Amino acid sequence: YSPPTGSTFAEYGKLSVNQNWQSVSLNNSYTNPVVIVSDPSFNGRDPAVIRLRNVGSSSFQIQLQEPNYRDGSHTNETVSYLVMEAGDWELSDGTRLSAGTTSSNKLSSTGFESLSFTNSFSSAPTVLSQVQTYADDDWVTTRTKEISTSGFQLTMQEEENLNGREHASETVGWLAIDSGSATDGITGLQAATTGNSYTHTPKAVSYSSAFSAAPSLLAKLDSF
């Protein structure tokens, strides 16, 4: 791996976002950044996903996007984001992280594509994914399944009425992290994948241990 000794390889933060594009300036400069954004808060009841564009070495642009059948206007929602340099990384406590990108135009109506980790994990990691580009303005989100020590399966999904058609090729970013509690000596983090027990009905999730303050939360759907 490439342990980030003495260097910054990631950063995180929180944002308030709506349907308008906004630019986010980064504290560090990256060669091949991967941006992962949480599912949004639930202030507005219409469906919404995060879309990104112009992901660069020191900034990116972000907006909320409603499905094409809605009016497009959405109230402010809170999201957390993480930016990480693509590659394999190891924290001071031995926790492994791997981040990368792939180009895909595959929708779930035509199946999934398989992605392999450069170095296998000792157990199935937690995986987060995010469309990085805005090549196609149709509403789209990512779906993952069959996460294993050696890789996972990935696809994109449009709204139901359009999902059987086509979507332009997008760059999709992904992050895999050892499940469990970890620290780099300063920042504490926890990664976990729940069981298949969540539906449209809100249900509480507990951390494995409490944080000293409310953390940044990155939550994504990890099954199909």
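This is a short dialogue on reading strands, a hairpin and backbone angles in a predicted model.

Visitor: Let's begin with the sheet. What is the order of the strands in the open sheet of 3 strands?

Guide: Happy to! In general, the strands of a sheet pair through backbone hydrogen bonds, either parallel or antiparallel. Here the order is E9-E12-E11, and the pairing is antiparallel. Strand E9 (113-116) and strand E11 (141-145) are at the edges with a single partner strand each, so one side of each has no neighbour in the sheet. On average, neighbouring strands of this sheet are turned by 35 degrees against each other, direction ignored.

Visitor: How many bridges join E11 and strand E12?

Guide: E11 pairs with E12 (residues 151-157) over 5 bridges, in the antiparallel sense. To find your place, look at Lys145, which stands opposite Gln153 in E12.

Visitor: Now the loop between E11 and E12: which residue there should I look at for its phi?

Guide: First the general idea: most residues other than glycine have a negative phi. Glu146, in the loop between E11 and E12, has a positive phi near 50 degrees. Asn54 also has a positive phi, near 50 degrees, and lies in the loop between strand E4 (49-53) and strand E5 (59-65).

Visitor: Is Glu146 buried or exposed?

Guide: Glu146 is exposed, with a relative accessible area of 55%. Asn54 is exposed too, at 54%.

Visitor: And which residue takes a positive phi in the hairpin of E14 and E15?

Guide: That is Gly185, with phi near 100 degrees; the hairpin has 4 residues between its strands. Strand E14 (residues 180-183) and strand E15 (residues 188-191) form 4 bridges in the antiparallel sense, and Thr183 has Gly188 as its bridge partner in E15.

How values were computed: Residues numbered from 1 in each chain as written. Predicted model: local features only at pLDDT ≥ 70, side-chain atom pairs only at ≥ 80, totals over all residues. Heavy atoms only, no water. Pairing = 2+ DSSP bridges. Helix = DSSP H or I, 4+ residues; strand = E, 2+ residues; numbered from the N terminus. Axes fitted to C-alpha atoms, helices over the stretch in contact; angles between N-to-C directions. Buried < 20%, exposed > 50% of the residue type's maximum accessible area, 1.4 Å probe, protein only.
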